[in-house]
Each structure stands twice: as C-alpha cells, then as structure tokens.
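Here is a short tour of one helix pair and one strand with its partners. Please keep the sequence and the 3D view open as you read.

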Amino acid sequence: MPIIFSAITPHPPLLIPSIGKENLKKLKKTAKAYKKLEQDLYAAQPDSIIILSPHGKILKDAFHINFYPEYEATFEDFGDHSTKLNFKGDVETMQELRSCVELKKETSIVLSSSPKIDYGASIPLYFLLQHLKNIPIVPINPSGLNLGEHCAFGNFLKRQLHKINKRYAIIASGDLSHCLTKDAPGGYSRKGVIFNKKIIELIKNKDVKGFMELDEKQIEEASICCHKVLATLFCAIEDMNYKLEFLSYEYPFGVGYLTSEMIFT
C-alpha cells in the first residue's frame, strides 16, 4: 500500500511563532491538531511526502511540479527574515510521474525548477517534519482545470504511486473561506459561511461525488483556496479503507482553518 498517511492542513502564516506572536493563543486548536498530525506522521514513517499546495505556480491547463534536488523555504513575505528551512526533493518520484505522463498522455504535468517552495507547502512542512528532517518531498500545484480534472489527476497519482516501491504521505494544504467575519481578508460573505459548512459536511461524510458536484464559481466567490487540492486528495484515496478523524476547525481571523487526518485501516 503506497499511500500510508494522508491529511488536510491549513496554512496560516500566523501559526509560525516568529510571525504570530501574541496571536498564537487564538490558534490553539489548530496548533494542537498539528502536533497530533506530526506525531502520527512520524509513527507512519513514510519514505516521501506529496505536498499539494494552491499557492505555487498555477498553470491554466496543466499540473505543476517544482522539480529541484533541494528546496529552501522562508517566511520573509510575512516579516520573518530569520527562519529558513531546507527540504530534499524526491527526484525519483517526480521523474517517474513525468515519464508516465509522456508515455500515456493521461494528464498534463509541467516541471519547472526553483529552489523556493511556496508558503502553502512550507507552513505545513514546518510543523509536520519536526522529526523527519531528511524525508524527500514532491511539491505539486493544482491547475486552472475543473474539479473533475483534479479528481482524474488524483486517480492518476494513486495508480502511479502504487507502481513505485515507496511509502507515501499525501498532504492537502488549503484554507476554507476567507470571508467569514467582517474583518476577514475578503470581508464578510454569507456564501463563505454556507460553503464552509457544506464542505466540512462532505469531508466528514467522505462524499467524493457530492464534492465534485460543487459549483466552482460559487466556491471562488466564497474565496476558498482548498477545493482543488481536496479534490485531488479525495480521488487519490477514494477506494482505500480509512476513517476520517476531524481534528480542528476555527476561524479567529475570518479564514476557515480545517485540520483532518485520514487513518487507513
């Protein structure tokens, strides 16, 4: 079984101690959930981490993989000029995925090379790899394609990872609506509140079909950034036996932060 761990994680920069400072106390539920995930990930001992982030290079009609032997992550955009993280790239897995695409033309993947990874990937990795410092990663960004294409990409990942002799963890990094309160980044929107409830319900019920039927235009209006990485994740593990553990949900700054783990049985 190549996929042995999976989780949904938020990526609030304020969760980084040097950035959040006094705001950390407002993110206690998320911080506690991340500690649980970190412990469970360490116990699972994966060989590689697939990190799905909506904040890297987004291409109109192709999925993007940042192909590089070693990455650096910083939080300078958020005022932290001292924290620097380094991660190894899983070059073997990235090459395998790309070669499969070239042979079968099942989906479209574009590789580019950059030593930097985006904050949607680096924030979860900051917390989850506290005791797995040398584990290689595969940073993948969604595309401008629809949810159905992201589901198909998730199925593609499942098939191809099954052929590689490694144990994988897949992390879907993303936040729910950014419009939950009047002082939220996107201002208040009732659509944000409604869609958050709907998405959480679908996740709890493991309702992949219902998730794929969501109105993407309304999702964008609700300012939700996680829907495409979730579609990829759900379809990558759709046929596997797992129990969903709902760890936390909070929105102290008007953005929905959801943390969940899929426990395979």
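Let us begin with two helices in this predicted model. Helix α2 (residues 28–44) and helix α4 (residues 119–128) have axes that come within 8 Å and cross at roughly 70°. Angles of 65 to 115 degrees count as roughly perpendicular, so α2 is roughly perpendicular to α4.

Which residues in α2 and α4 meet? From α2 come Tyr 34, Leu 37, Glu 38 and Leu 41, and from α4 come Pro 124, Phe 127 and Leu 128. Sorted by class, this contact of α2 with α4 holds six nonpolar residues, no polar ones and one charged residue.

Now to strand β2 (residues 48–52), which is mostly covered, with five of its five residues buried. On one side, Ser 48, Ile 50 and Leu 52 point away from β2, while Ile 49 and Ile 51 point the other way, and all are buried. As a general background, side chains in a regular strand alternate between the two faces of the sheet.

How does β2 pair with β7 and β8? The table puts the two pairings side by side.

| Partner of β2 | Residues | Sense | Bridges | Residues standing opposite |
|---|---|---|---|---|
| β8 | residues 168–173 | parallel | five bridges | Ile 49 and Ala 169 |
| β7 | residues 137–141 | parallel | four bridges | Leu 52 and Ile 140 |

The table brings us back to the side chains of β2: Ile 49, opposite Ala 169 in β8, and Leu 52, opposite Ile 140 in β7, point opposite ways from the strand, and both are buried.

Note on methods. Residues numbered from 1 in each chain as written. Predicted model: local features only at pLDDT ≥ 70, side-chain atom pairs only at ≥ 80, totals over all residues. Heavy atoms only, no water. Axes fitted to C-alpha atoms, helices over the stretch in contact; angles between N-to-C directions. Parallel < 35°, antiparallel > 145°, perpendicular 65-115°, else oblique. Contact = heavy atoms within 4.5 Å. Nonpolar A, V, L, I, M, F, W, Y, C, P; charged D, E, K, R; others polar. Buried < 20%, exposed > 50% of the residue type's maximum accessible area, 1.4 Å probe, protein only. Pairing = 2+ DSSP bridges.
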